[in-house]
Amino acid sequence: MKRTKQIANRFREVILNGVWIANTNYKDQLTNITWCQATTKIESLNTIAALTFHINYYIAGILNVFEGGTLEIRDKYSFDMPPVTSQKNWEELLNIMWNNAEKFADSIEDMPDEDLDKVFVDKKYGTYQRNIEAMIEHSYYHLGQITLIKKMVLQSEK
């Protein structure tokens, strides 16, 4: 199996359909959350909505490079989420994330394996593979947070 196919599948696992590493994924954790639950603040923790926006921000930013654009994302803007004030807003954010995740995974899968070793935008950012793997690891990190915050939100509703 091509390396790019393997890496694309690892990315799909964390966002869309996997259970091997964390026994869950973003789609599983977020699909049945209401906008009120997604925006519930638990002490000083980020909300589920903010973490969802944050991960999608990076997926979309790297996807833009995959599609021939420039690297426009900046860490300082990665939590600048527009307000989620309705179920419709929440579902739009989720749909954007699922669509971006599919395009992201498809873009990886369509790459020749040798592109994984190419410089990503600038030498200081390392290779394509390094950035894709960082996206996967970053996603698992925040998936753990979302899972715990979800439990706290659901517990606070009892």
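This section describes the helices, nonpolar core, largest pocket and selected loop residues of a predicted model.

Helix α1 spans residues 3–17 and contains a kink of about 25°, centred on Phe11. Several residues of α1 are buried, namely Thr4, Ile7, Ala8, Phe11, Arg12, Val14, Ile15 and Leu16. The elements that cover these buried residues include α2 (26–30), α4 (48–66), α5 (87–110) and α6 (128–156). Phe11, on which the kink is centred, touches Ile59, Ala101, Phe104, Ala105, Ile108, Met135 and Ile136 when residues up to four places away in sequence are not counted.

The largest nonpolar core comprises 47 residues, of which Phe11, Ile15, Tyr26, Phe66, Trp90 and Phe104 touch the most other members. At least two residues of this core come from each of α1, α2, α4, α5 and α6. The greatest contribution is that of α4, which provides twelve residues. Phe11 and Ile15, both listed among these most-connected core members, are also among the buried residues of α1.

Phe66 is a further member of that group and is contacted by Ser107, which also touches Leu63, again leaving aside residues up to four places away in sequence. Ser107 belongs to helix α5. With a relative accessible area of 19%, Ser107 falls under the 20% cut-off and is therefore classed as buried.

The largest pocket holds about 370 Å³ of space. Its lining is formed by 13 residues, and those closest to the pocket centre are Tyr58, Ile73, Asp75, Tyr125 and Asn131. Helices α4 and α6 each supply at least two lining residues, and α6 gives the most, with five. By class, the lining consists of eight nonpolar, two polar and three charged residues. Helix α4 thus appears both in the core, to which it gives the most residues, and in the lining of the largest pocket.

Two loop residues were examined for their backbone conformation. Most residues other than glycine have a negative phi. Asn23, which is not a glycine, nevertheless has a positive phi of about 60°. Asn23 is located in the loop between α1 and α2 and is exposed, with a relative accessible area of 61%. A positive phi, of about 65°, is also found at Val121, likewise not a glycine. Val121 is situated in the loop between α5 and α6. The relative accessible area of Val121 is 47%, so this residue is partly exposed.

Note on methods:
Residues are numbered from 1 along each chain as its sequence is written. This is a predicted model: local features need pLDDT of at least 70, side-chain atom pairs count only at pLDDT 80 or more; totals for chains, interfaces and linings use all residues. Side-chain values use heavy atoms; hydrogens and water are left out. The bend at a residue is the angle between axes fitted to the seven residues ending there and the seven starting there. Helices (H or I, at least four residues) and strands (E, at least two) are DSSP runs, numbered from the N terminus. Buried means under 20% relative accessible area, exposed over 50%, partly exposed in between (1.4 Å probe, protein chains only). Contact means heavy atoms within 4.5 Å. A nonpolar core is a set of buried Ala, Val, Leu, Ile, Met, Phe, Trp, Tyr and Cys residues joined through side-chain atoms within 4.5 Å. On a 1 Å grid over the protein atoms alone, a cavity is a set of points where a 1.4 Å probe fits but cannot get out, and a pocket is an open set with protein on both sides within 12 Å along at least five of seven lines; lining residues have an atom within 4 Å of a point. Grid points are joined across faces, edges and corners, and a volume is the space filled by probe spheres set on the points. Ala, Val, Leu, Ile, Met, Phe, Trp, Tyr, Cys and Pro count as nonpolar, Asp, Glu, Lys and Arg as charged, and the others, Gly among them, as polar.
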